[in-house]
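Please follow how the helices of this chain are arranged against one another, and how the residues between them are placed. The path taken here begins with a single helix and works outward through its neighbours.

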Amino acid sequence: MPVEHVIARRQSIGKHMRDARLHANLTQEAVALRADIRIATYSRIENGHASPSLDTLIRIAYALDVPLTDLVR
């Protein structure tokens, strides 16, 4: 089981993803399709329930049209 600070960081990244998605006026489905990942996977990452690989984070940032650093800041 991940330690508390890891879970908190994962949730923070999910919040940045959600903020970027809402700013772009996109649905979770639209981002998932653009990132070529399953909608359920995207939802779990955005809600802080899953740890994405670096490649997946890069694809999500590209789908949201934001720098990767904006998601992990």
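**Helix 2 and its two sides**

On the other side of helix 2 from its buried residues, L33 and R34 are exposed. In this predicted model, the buried residues of helix 2 are V31, A32 and A35, and they cover an arc of only 100 degrees around the axis, which puts them on the same side of the helix. The surroundings of that buried side can be named as well, since the buried residues of helix 2 pack against helix 1, helix 3 and helix 4. Just after helix 2, the residue D36 takes a positive phi of about 60 degrees.

Of these neighbours, helix 4 may be taken up next. Helix 2 packs against helix 4 at an angle of about 120 degrees, and the two axes are 8 Å apart. An angle of 65 to 115 degrees would count as roughly perpendicular, whereas the angle found here makes helix 2 oblique to helix 4. The crossing of helix 2 and helix 4 is right-handed. Where the two helices meet, V31, R34 and A35 come from helix 2, while R59, I60, A63 and L64 come from helix 4; sorted by class, the residues of this contact are five nonpolar, no polar and two charged. R34 thus takes part in the contact with helix 4, although R34 is also listed as exposed, while V31 and A35 in the contact belong to the buried residues of helix 2.

Helix 4, which spans residues 54-64, also meets helix 1, which spans residues 4-23: their axes come within 10 Å and cross at roughly 25 degrees. Angles under 35 degrees count as roughly parallel, and helix 1 and helix 4 are therefore roughly parallel to each other. Their crossing is left-handed. On the helix 1 side the contact involves I13, M17, A20 and R21, and on the helix 4 side it involves L57, I60 and L64, with six nonpolar, no polar and one charged residues by class. I60 and L64 of helix 4 appear in this contact with helix 1 and also in the contact with helix 2.

**Helix 3 and the residues that follow it**

Helix 3 covers residues 39-46, and its buried residues are Y42, I45 and E46. They cover an arc of only 95 degrees around the axis, which puts them on the same side of helix 3. These buried residues pack against helix 1, helix 2 and helix 4.

The packing of helix 3 with helix 1 can be described in more detail, for the two helices pack at an angle of about 115 degrees, with axes 7 Å apart. Helix 1 contributes G14, K15, M17, R18 and R21 to the contact, and helix 3 contributes Y42, I45 and E46, so that by class the contact of helix 1 with helix 3 comprises three nonpolar, one polar and four charged residues. M17 and R21 of helix 1 take part in this contact and also in the one with helix 4.

R44 lies in helix 3 as well, and at 46% relative accessibility it counts as partly exposed. Leaving aside neighbours within four places in sequence, R44 is in contact with H49 and A50. H49 is found in the loop between helix 3 and helix 4, and at 53% relative accessibility H49 counts as exposed. Not counting residues up to four places away in sequence, H49 touches R10 as well as R44. H49 and Q11 are 38 residues apart in sequence, yet their C-alpha atoms are 7.8 Å apart in space. Helix 3 is followed by G48, whose phi is positive, near 75 degrees.

**Loop residues with positive phi**

What kind of phi value does N25 have, a positive or a negative one? Phi of N25 is near 60 degrees, a positive value in a residue other than glycine. N25 is found in the loop between helix 1 and helix 2, and at 70% relative accessibility N25 counts as exposed. D65, in the loop between helix 4 and helix 5, likewise has a positive phi near 60 degrees without being a glycine, and D65 is exposed, with a relative accessible area of 70%.

Terms used
Residues numbered from 1 in each chain as written. Predicted model: local features only at pLDDT ≥ 70, side-chain atom pairs only at ≥ 80, totals over all residues. Heavy atoms only, no water. Axes fitted to C-alpha atoms, helices over the stretch in contact; angles between N-to-C directions. Helix = DSSP H or I, 4+ residues; strand = E, 2+ residues; numbered from the N terminus. Parallel < 35°, antiparallel > 145°, perpendicular 65-115°, else oblique. Left-handed = near helix turned anticlockwise from the far one by under 90°. Contact = heavy atoms within 4.5 Å. Buried < 20%, exposed > 50% of the residue type's maximum accessible area, 1.4 Å probe, protein only. Arc of directions from axis to C-beta.
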